[in-house]
Amino acid sequence: MTAETSQTLDRGLRVLKLLADTDHGLTVTELSNRLGVNRTVVYRLLATLEQHALVRRDLGGRARVGLGVLRLGRQVHPLVREAALPALRSLAEDIGATAHLTLVDGTEALAVAVVEPTWTDYHVAYRPGFRHPLDRGAAGRAILAARQGTLTEPGYTLTHGELEAGASGAAAPLVGITGLEGSVGVVMLADAVPERVRPALTFSAEARHALR
């Protein structure tokens, strides 16, 4: 710690990170041991975080991340959307398909940025805010494959008709971006995604640069 930083804030943020990394919550004793501070300090940190709904404690006394964290997270979406739009617009116009950036929101995939091509006779209508289960559609399946370490070369996922009859999708997960779990993809009215679309998904490197 330096003179310009707050030890209490640092500890509070470390508590949130520790809780975010566990599915079962942590007890005061477990937090105390991991932080290297006494239980009294942990109680005070948890009480303060609870006041802001950033932490909740269940009946067994285990602390978990609170819903307030989700509210803060939602405010990130507009910033992410603005950063991704130029790359998505380029992808949509080059391919002639609807391009989208999708992020994880709980157990669902949430489209936070969408660009439809301007020159095609028809295309898939896809709107920001569209949700679907992570295990359906190319966008969600790409995220799960990256999470589970099952993504294979060439690094994208293909689907057909899972979210909309007659529509095919391709998506590549965003990797190497701290704090963001998502994918970039395209969806089109076709029996299958053409070969020419697949190399274009390497554009996700451009998106990664914009989102850092």
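Two strands are said to pair if DSSP finds at least two bridges between them. The exercises below apply this criterion to a predicted model.

**Exercise 1. Identify the partners of strand E8 and one residue position opposite it on each side.**

Solution.
Step 1. Strand E8 spans residues 182-189.
Step 2. Strand E3 (residues 98-105) is joined to E8 by six bridges, and the two run antiparallel. Within this pairing, Leu101 is placed opposite Val184 of E8.
Step 3. Strand E7 (residues 167-173) also pairs with E8 in the antiparallel sense, through seven bridges. Here Ala171 stands opposite Gly185 of E8.
Step 4. With regard to solvent, E8 is mostly covered, seven of its eight residues being buried.

**Exercise 2. Establish the strand order of the sheet that contains E8, and determine which strands form its edges.**

Solution.
Step 1. E3 is joined by seven bridges to strand E4 (residues 108-115), again antiparallel. One bridge pair in this register is Ala99 with Val115 of E4.
Step 2. The complete order is E5-E4-E3-E8-E7-E6, an open sheet of six strands with antiparallel pairing.
Step 3. The edges are strand E5 (131-133) and strand E6 (157-160); each has a single partner strand, so one side of each lacks a neighbour in the sheet.
Step 4. On average, neighbouring strands of this sheet are turned by 30° against each other, direction ignored.
Step 5. Helix H6 (residues 137-148) lies across E3, E4, E5, E6, E7 and E8, and runs at about 30° to E7.

**Exercise 3. Decide whether Thr102 is buried or exposed, and describe its surroundings.**

Solution.
Step 1. Thr102 is located in strand E3.
Step 2. A residue counts as buried under 20% relative accessible area. Thr102 has 1% relative accessibility and is therefore classed as buried.
Step 3. Leaving aside residues up to four places away in sequence, Thr102 touches Ala109, Leu110, Ala111, Ala139, Ile143, Glu181, Gly182 and Ser183.
Step 4. The side chain of Thr102 also makes a polar contact of 3.2 Å with the side chain of His100.

**Exercise 4. Characterise the chain as a whole.**

Solution.
Step 1. The chain contains seven helices and eight strands.
Step 2. Of its 212 residues, 42% count as buried.
Step 3. Taking contacts between residues at least 6 apart in sequence, 48% join residues at least 24 apart.
Step 4. The exposed area of the chain is about 11,800 Å², of which carbon and sulfur atoms supply 52%.

Definitions and conventions
Residues are numbered from 1 along each chain as its sequence is written. This is a predicted model: local features need pLDDT of at least 70, side-chain atom pairs count only at pLDDT 80 or more; totals for chains, interfaces and linings use all residues. Side-chain values use heavy atoms; hydrogens and water are left out. Buried means under 20% relative accessible area, exposed over 50%, partly exposed in between (1.4 Å probe, protein chains only). Helices (H or I, at least four residues) and strands (E, at least two) are DSSP runs, numbered from the N terminus. Contact means heavy atoms within 4.5 Å. Accessible areas come from the Shrake-Rupley method with a 1.4 Å probe; for residues, only the protein chains shown count as cover. A polar contact is a pair of N or O atoms within 3.5 Å; within protein, one must be able to donate a hydrogen and the other to accept it, and residues adjacent in sequence count only if both atoms are side-chain atoms. Axes are lines fitted to C-alpha atoms, for helices over the stretch in contact, and angles run from 0 to 180 degrees between N-to-C directions.
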